[in-house]
Each structure stands twice: as structure tokens, then as C-alpha cells.
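Notebook open, structure loaded. I want to look up the cysteines and one of the helices.

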Amino acid sequence: MPSTCETSTSDAPTLALVSLGCAKNAVDLQLTAGRMLKAGWRLSADPDRADAVVVNTCSFIASARKESEREIRRALELKRRGAYSRVIVTGCYPQRYPGAAAAFPGVDEWIGVPGKWEEQKVPGLRLTGRAFAYLKIAEGCVHRCSYCAIPSIRGAYRSRPMRSILREARALVATGCRELNVIAQDPMLWRDGKRRLADLLWALDRIPGRFWVRVLYSYPSEIDGDFASWLMTAKHAAKYVDMPIQHTVPEVLAKMNRRRTAEAVECLADDLRLLVPDVTLRTTVLVGFPGETEARFRRLLSDVARMQFDHLGAFAYSPERGTKGAKLGGRPSQAAARSRERQVMELQRRIWDSRARRQVGKVLPALVLAPGVARLESQAPDVDGVTRIDCADPQLVGEFVKVEISGVDGFDFVAKVVRGRGRARK
């Protein structure tokens with residue numbers, strides 16, 4: 001979505017931003033925009049009128065590609081009307097399709113993903129607002145899941161140096177950031193010499209201040225005792241694990257080239273809940289993949305019902321050109337895949353309703369994102385719901401408050417801000 005605000009002097013050239021795709025992609029846009037702001041640009045107050053627009057794209061799956069193409073065409077149409085002088089397309093789409101620039105005459109720059117780490121103390125622009133930020137610790141992917149094109153787009157896994165991560169984290173906390181969301185394609189594989197992810201997380205935990213550290217996208221087979229120990233005992237750790245299992249049937253996971261997930265997933269949810277009381281578990285599942293028979297889908301449903309994830313996203317498989325999965329036989333029809341996606345989400349809705357009702361009456365800490373809107377420790381940005389609070393004081397934005405959960409509305413909570421009633425409990 002477009003992001004705008006006023007900066008710098010009124011005679012500087014103006015810039016509009018369009019950010020598509022995942023949080024990792026948004027971090028790249030922050031760096032690109034930051035360089036431009038440093039060079040003298042200012043963000044436009046009108047997202048549809050500026051001297052230049054940067055369209056930061058995604059190409060992970062077909063729907064993302066179509067969205068990127070629509071936004072590029074929209075920007076070019078606005079340029080023809082005189083709203084923009086320059087159109088700059090960045091991100092995964094030009095990286096994956098470098099020759100596609102010819103299909104979009106009028107694009108002034110066609111730039112792929114960054115090839116190396118940007119060395120700056122803090123991103124020149126934070127698209128997430130004051131309260132929270134994404135802290136990217138690695139680029140690329142070492143896994144070769146047969147359904148995924150990310151390795152061909154983002155390249156091999158490359159860990160960001162620890163000193164660079166900590167410098168940015170300290171700067172973010174100093175500017176009032178109250179939640180650091182550690183992101184990478186697989187954070188568990190981060191390395192800096194002999195230092196592993198747990199070493200980095202404990203270093204983040206030593207930064208003074210009150211804030212959460214949330215780790216997103218943890219492959220089930222990579223979760224280890226060191227990570228669980230950090231979750232249990234670190235003062236800044238958000239007790240939240242996002243582990244995309246994709247499936248639970250070994251035969252389907254083997255075709256996905258995720259055999260190690262099959263070994264890990266059987267008891268992982270139960271083990272984490274035993275080790276880390278009150279932990280929130282989120283996952284994603286992919287249905288309709290080659291080899292998923294009706295019986296195997298029914299087993300997936302049974303496993304999802306047994307594991308009782310707090311949050312879950314389901315996706316119908318769409319074959320991606322250039323991936324091994326696209327060449328596999330035995331794929332269910334698209335209609336069957338869509339039906340299975342709906343069935344999983346209907347089941348998850350019942351699980352959510354049951355688990356969410358248990359939160360009513362509890363007093364919990366919440367981070368205020370905007371007037372009247374907050375998030376609990378159990379709610380990650382963008383992928384989970386929010387908590388609507390009964391206080392719209394703009395001075396609370398970016399602060400922690402205690403709230404009493406009073407109800408559930410869809411996938412959101414409704415809560416009252418509590419003042420002076422002891423400690424919040426989880």
C-alpha cells in the first residue's frame with residue numbers, strides 16, 4: 001500500500017512509495033527510500049502525485065505477480081496523466097523477470113533485490129510506524145522446498161553480521177520502538193562465525209528498555225533447546241513461535257522436500273507448550289500439493305485439530321514455473337485445493353473461537369499501534385488480528401498498556417484499558 005509523509009524542504013523532489021509482499025520486502029524498500037531521502041528527496045503528502053514513485057514488488061506466487069503487474073500499470077497510467085515524472089520498479093518481480101521491463105514501456109528504472117547488506121545505523125524510513133519494526137537478520141534461503149521459487153529470486157542464505165544487527169536494534173529502541181520482529185527466510189540458520197541465533201537473541205535481550213523481541217518464520221526442524229530456553233527466560237522474549245509446517249503427512253512432505261519437518265512436527269506443538277507456558281503457536285499449511293489424496297488431507301485435518309494452533313493460515317497450492325513441484329504428477333484439481341483450503345480455515349475458525357474465549361477476562365500487556373488499536377504479545381503484525389481498545393488517546397501510541405479482554409470479534413479481540421490494577425498476567 002502507498003506510504004507517505006512530509007519531510008525535508010518544500011522545494012525538494014517528492015517521492016511516493018508502493019510496498020507489496022512480505023515484511024522482508026518492506027525492509028528493502030525502507031533502505032531504498034532511506035537512500036533517496038538522504039540524497040534530498042522528501043515523501044509526498046499525496047501518494048498519487050509525486051516527482052517519482054517506487055513500486056516495490058513481489059513475485060512469490062501467481063496472485064502476487066498479478067498484483068505487482070497491476071500496480072506497475074497503475075503507476076504508468078498516472079505517469080501518462082502527469083502525476084509522476086519517474087516510475088521506479090524494484091524488488092522480486094524485476095529480479096525474477098529481468099526481461100519483463102520491455103512489457104512495461106515507461107518504467108525508468110528496473111531494479112532487483114539488493115545483493116549485499118546495506119550498512120547504515122538505522123533504516124532511513126520506518127514504514128511500520130513508531131511502535132514496532134522489522135529487523136532482518138539474513139537474506140536468501142538454503143532450503144529447496146519443491147513448491148518455492150524464493151531461492152531462485154533471493155539467492156543463497158546470507159547471514160547479516162551481528163554488529164550490524166545490534167547497531168540497528170539499539171537505534172530502533174532509542175527512537176521509541178517497542179517491538180523488534182526478527183525476520184529472515186529461516187532465522188534459525190543465522191550464523192556469525194561460531195555465534196548462532198540464540199547468541200544473537202541474548203545480545204538483543206541485553207539492550208536496555210522495555211520492548212518485545214519476536215522471532216518470525218521458524219522452520220520446525222530447526223527449533224532447538226537453545227531457542228526454547230531463550231523463549232522461557234529472556235525478559236524481552238515474546239512467547240510466540242511461528243513455525244510453518246505446510247503439511248503433516250510424511251509422503252506429502254517428502255514431495256515438498258521437507259522430510260525433516262515430518263520428523264519434527266509430530267510432537268513439537270505439545271513439547272513447546274510444556275517447555276514454554278502460555279506460548280502462542282502459529283503455522284501455515286499448503287493444501288492441494290501433488291500426492292495429497294483425500295485420505296491424506298483428512299489426516300492433515302485431524303492433526304490440525306489435535307495440535308490446536310492459536311493462529312493458522314491455509315493456502316491452496318499453485319504450481320510455480322521453475323520449481324520441482326510444478327513437474328510432479330498426482331496434483332488435485334484446483335477446485336479440490338480451494339475446497340480443502342476452506343475446510344482447513346473453517347476448522348481453524350472453530351479452534352480460534354474456542355481458544356480465544358479463554359482469554360476473555362484476562363488482564364494482559366498490549367502495545368498501542370494507533371489510537372484505539374493495539375496488539376497483544378500473542379498477535380504478530382500483519383498476519384494475526386489486533387486488539388481494539390476503548391481509548392483513542394494518541395499519546396499512548398508506541399506505549400505498553402494493560403488491557404482487560406472483554407470480547408472477541410472475528411479474529412480480533414476487544415479490550416478495555418486498565419489503569420492501576422496490579423500486574424498484567426498472561
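Before listing packing partners, I note that contact here means heavy atoms within 4.5 Å. I also keep in mind that this is a predicted model.

**Helix α7**

I started with α7, which covers residues 225-233. Which residues of α7 are buried? I found F227, A228, W230 and L231. Looking down the axis of α7, I see its buried residues fall within an arc of 160°, so they line one face of the helix. On the other side of α7, I noted G225 and T233 as exposed.

What do the buried residues of α7 pack against? I wrote down two helices, α6 (197-205) and α9 (259-275), plus the strands β13 (212-215) and β14 (240-242).

I then checked the start of α7. There, D224 has a side-chain oxygen within 3.3 Å of the backbone nitrogen of D226.

**Cysteines**

Next I looked for disulfides. How many does a search of the whole structure find? I got zero. C141 is in no disulfide, and its nearest cysteine sulfur belongs to C148, 6.3 Å away. For a disulfide I would need the two sulfur atoms within 2.5 Å. C145 is in no disulfide either: the nearest cysteine sulfur is that of C148, at 6.1 Å.

Are these two buried or exposed? I have C141 as buried, with a relative accessible area of 5%. C145 is buried too, and its relative accessible area is 10%.

Note on methods: Residues are numbered from 1 along each chain as its sequence is written. This is a predicted model: local features need pLDDT of at least 70, side-chain atom pairs count only at pLDDT 80 or more; totals for chains, interfaces and linings use all residues. Side-chain values use heavy atoms; hydrogens and water are left out. Buried means under 20% relative accessible area, exposed over 50%, partly exposed in between (1.4 Å probe, protein chains only). Helices (H or I, at least four residues) and strands (E, at least two) are DSSP runs, numbered from the N terminus. The arc is that of the directions from the helix axis to the C-beta atoms. A polar contact is a pair of N or O atoms within 3.5 Å; within protein, one must be able to donate a hydrogen and the other to accept it, and residues adjacent in sequence count only if both atoms are side-chain atoms.
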